[in-house]
Amino acid sequence: MLTFLAFGKSNQLFQIPYKRSPLFSFFVYKSSYTVFEVERITKIINDNRFPDEPLQPTLLKHLSMTVLSTAFVENVLGRLFAAHSNGLKALEFFKFSLHNSHFTPSSFAFEMTLHILTRMRYFEKAWELMMEIGKTHSSLLTHKSMSIMLSKIAKFQSYEDTLEAFEKMEKVVFVGKTFGTEEFNVLLRAFCTQRDVKEARSVFLKMHDRFNPNAKTMNILLLGFKESRDITAMELFYHEIVRRGFKPTALTYNIRIDAYCKKGYFGDGLRIFEEMEQANCMPTLETMTTLIHGAGVSRNIIKARQLFNEICRRKLHPDTGAYNALISSLIRCREMKSAMRLMDEMEEKCIGHDSVTYHTIFLGLMKQNDIEGVCELYGKMIERNFVPKTRTVVMLMKFFCVNSRIDLGLGFWQYLLEKGYCPHGHALDLLVTGLCSRGRSQEAFECSKQYLETGMRLSEAVYRMLERVLLKSNKADKLGELNQMIEKLQSVLPPSKGHAFAYSCSTAIE
């Protein structure tokens, strides 16, 4: 541990303000126009028959240039990101917007496009975009865009590839910018959040002499130890950096509390909470939310309620995250009715339900095998025009197919398409399996065709299943149609690992 902290004691560790949101966050909905218009254009982009039909002529036909504002482009790209849309379509839309003289590109729009591309492992296209933006709109190159690229390279490629990417950004992309501690922190965070803390340690030892570590550096490394779930190593690191002059911030305490709470050591989380107050470091809403969740993990619903009520007494305002933590705690303690009432209370207080709210309640109902309860909540969610995140989509699709509610699954699929979303590949696998097992090969074929038309690859399992079913039912022409679509996709999409029909990178659940 001492060799890990080989930087001199004279290094100044600057304290940084704590932000409740993640260090690098995305999609914040902004609207000065109708939500309908955003949904309409998103659906047009997703419905575009890729690669048979070029996207730009379609956009020229259906999109008024007067609507093409910065906020509008941000929201469409945000929708495409949430919808797991084909990255090449998102890239075409972003480039289309750049050609409009009235449009002022924003860092958010660029970052969102970059994120969609790297999530699908379109790294060549992502590098090309960064180079182009560096030449035409260099102000859009931010720490966030650097983080997006490095994080995905760290996730999908090697340690050496990530270091090479950092060097390429410094020498080729961010031309004229001197890399310092903040850029070093971005690199460390990519390793800490996507890979093993041992790699972050290696990078730190290799490069800390060049970049003067600060408080953010220490918090990022502490986060890495927390993510590795090695509490002992985390605490040894914490005490060592404190001994060397590091002053803990609210974020520092929150990381330690979260590590203990997730392990089920709620008492230790409370101990650090008391230590935090004794150090005159004011607890944040994040602190209280983490403790509420920790109380739920330990099945201590009395303490969870007490902590939730304490939020207002501390002159903080409970948000969706705090309510979600209490709902989760109630469900863990088998208080399903109380959790449902809390969801109603959120609505009464105009505190929005998010995907975590729905996922947590759905999970609780499913654990109780409450099929009708799930269907009722699903109906309410659809009435509210809410589209959940991928893990909830997959969970619901599996529930419908396993519990002989295949029509609900099919309806959910169509709902997602109508809202401009490209359903996840895992959801398609479940739906096609359910349809084929019930002899509904035509509907399975139609759903698979819709999926291919959005520019996404079928999994090998789904293809083989359709191959057997279609040939058995004398529908070789349908199989031929799918084969033609797959071949066209393979000619334009980056090669995927393994079988020709294996998942493209876009199918990894975020």
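This is a short tour of a predicted model, going from the whole chain to single residues you can select one after another.

**The whole chain**

Begin with everything shown as a cartoon. The chain has 26 helices and zero strands. Its length is 510 residues, and buried residues make up 54% of them. Now switch on a surface view: the accessible surface comes to about 22,500 Å², and 52% of that belongs to carbon and sulfur atoms. Next, think about which parts of the sequence meet. Among contacts between residues at least 6 apart in sequence, 72% join residues at least 24 apart.

**Stop 1: helix α3**

Select residues 70-82, which form helix α3. Two residues here deserve a click. E74 is found in this helix. Is E74 buried or exposed? With 7% relative accessibility, E74 counts as buried. Add F110 to your selection: its C-alpha lies 8.7 Å from that of E74, while 36 residues separate the two in sequence.

Then go to A82, also in helix α3. A82 is partly exposed, at a relative accessible area of 31%. Which residue can you pair with A82 to see a long step in sequence? Try T390, which is 308 residues away along the chain but 8.3 Å away in space, C-alpha to C-alpha.

**Stop 2: a salt bridge inside one helix**

Move to helix α8, residues 159-173, and show the side chains of K171 and E167. These two form a salt bridge, with the closest N and O atoms 2.8 Å apart. Why are the two residues about one helical turn apart? The reason is their spacing: they sit four residues apart in the same helix, so about one turn separates them. K171 is exposed, at 59% relative accessibility, whereas E167 is partly exposed, at 40%.

**Stop 3: a salt bridge between two helices**

Select K216 and E182 next. Their side chains meet in a salt bridge of 2.9 Å, N to O. K216 belongs to helix α11 (residues 215-227) and E182 to helix α9 (residues 181-194), so this pair ties together parts that are 34 residues apart in sequence. E182 counts as partly exposed, with a relative accessibility of 28%.

While you have the charged side chains on display, add K226, E227, D258 and K262. These four are linked in a network of salt bridges. Across the model, the count of salt bridges comes to 28.

**Stop 4: helix α22 and its surroundings**

Now select residues 406-418, helix α22, and find L410 in it. L410 counts as buried because its relative accessibility is 13%, and the cut-off for buried is under 20%. Which residues does L410 touch, leaving aside its neighbours within four places in sequence? Show L431, L435, R440, E443 and C447 to see its contacts. You can also mark G434, which is 24 residues from L410 along the chain, with 9.7 Å between their C-alpha atoms.

Keep R440 on screen and add D407. These two form a salt bridge, and their closest N and O atoms are 2.9 Å apart. D407 lies in helix α22 and R440 in the loop between α23 (425-437) and α24 (441-453), so the pair ties together parts that are 33 residues apart in sequence. D407 is exposed, with a relative accessible area of 52%, and R440 is partly exposed, at 21%. R440 therefore appears twice at this stop, as a contact of L410 and as the salt-bridge partner of D407.

**Stop 5: a positive patch**

Return to the surface view and colour R299, R332, R334 and K367. Together they form a positive surface patch. To place one of them on the cartoon, look for R299 in the loop between α15 (285-297) and α16 (301-313).

**Stop 6: two loops with a positive phi**

Most residues other than glycine have a negative phi. Two residues on this tour go the other way. Select C350, which is not a glycine yet has a positive phi of about 60 degrees. C350 is in the loop between α18 (336-348) and α19 (355-367), and it is exposed, with a relative accessible area of 72%.

Finish at N474. Its phi is also positive, about 60 degrees, although N474 is not a glycine. Look for N474 in the loop between α25 (460-472) and α26 (476-492). N474 counts as exposed, at 71% relative accessibility.

Technical notes: Residues are numbered from 1 along each chain as its sequence is written. This is a predicted model: local features need pLDDT of at least 70, side-chain atom pairs count only at pLDDT 80 or more; totals for chains, interfaces and linings use all residues. Side-chain values use heavy atoms; hydrogens and water are left out. Buried means under 20% relative accessible area, exposed over 50%, partly exposed in between (1.4 Å probe, protein chains only). Contact means heavy atoms within 4.5 Å. Accessible areas come from the Shrake-Rupley method with a 1.4 Å probe; for residues, only the protein chains shown count as cover. Patches are made of residues with over 30% relative accessible area and no salt bridge: like charges are joined within 9 Å, nonpolar side chains (Val, Leu, Ile, Met, Phe, Trp, Tyr) within 5 Å. Lys and Arg count as positive and Asp and Glu as negative; His and the chain ends are not counted. The place of a charge is taken as NZ of Lys, CZ of Arg, CG of Asp or CD of Glu.
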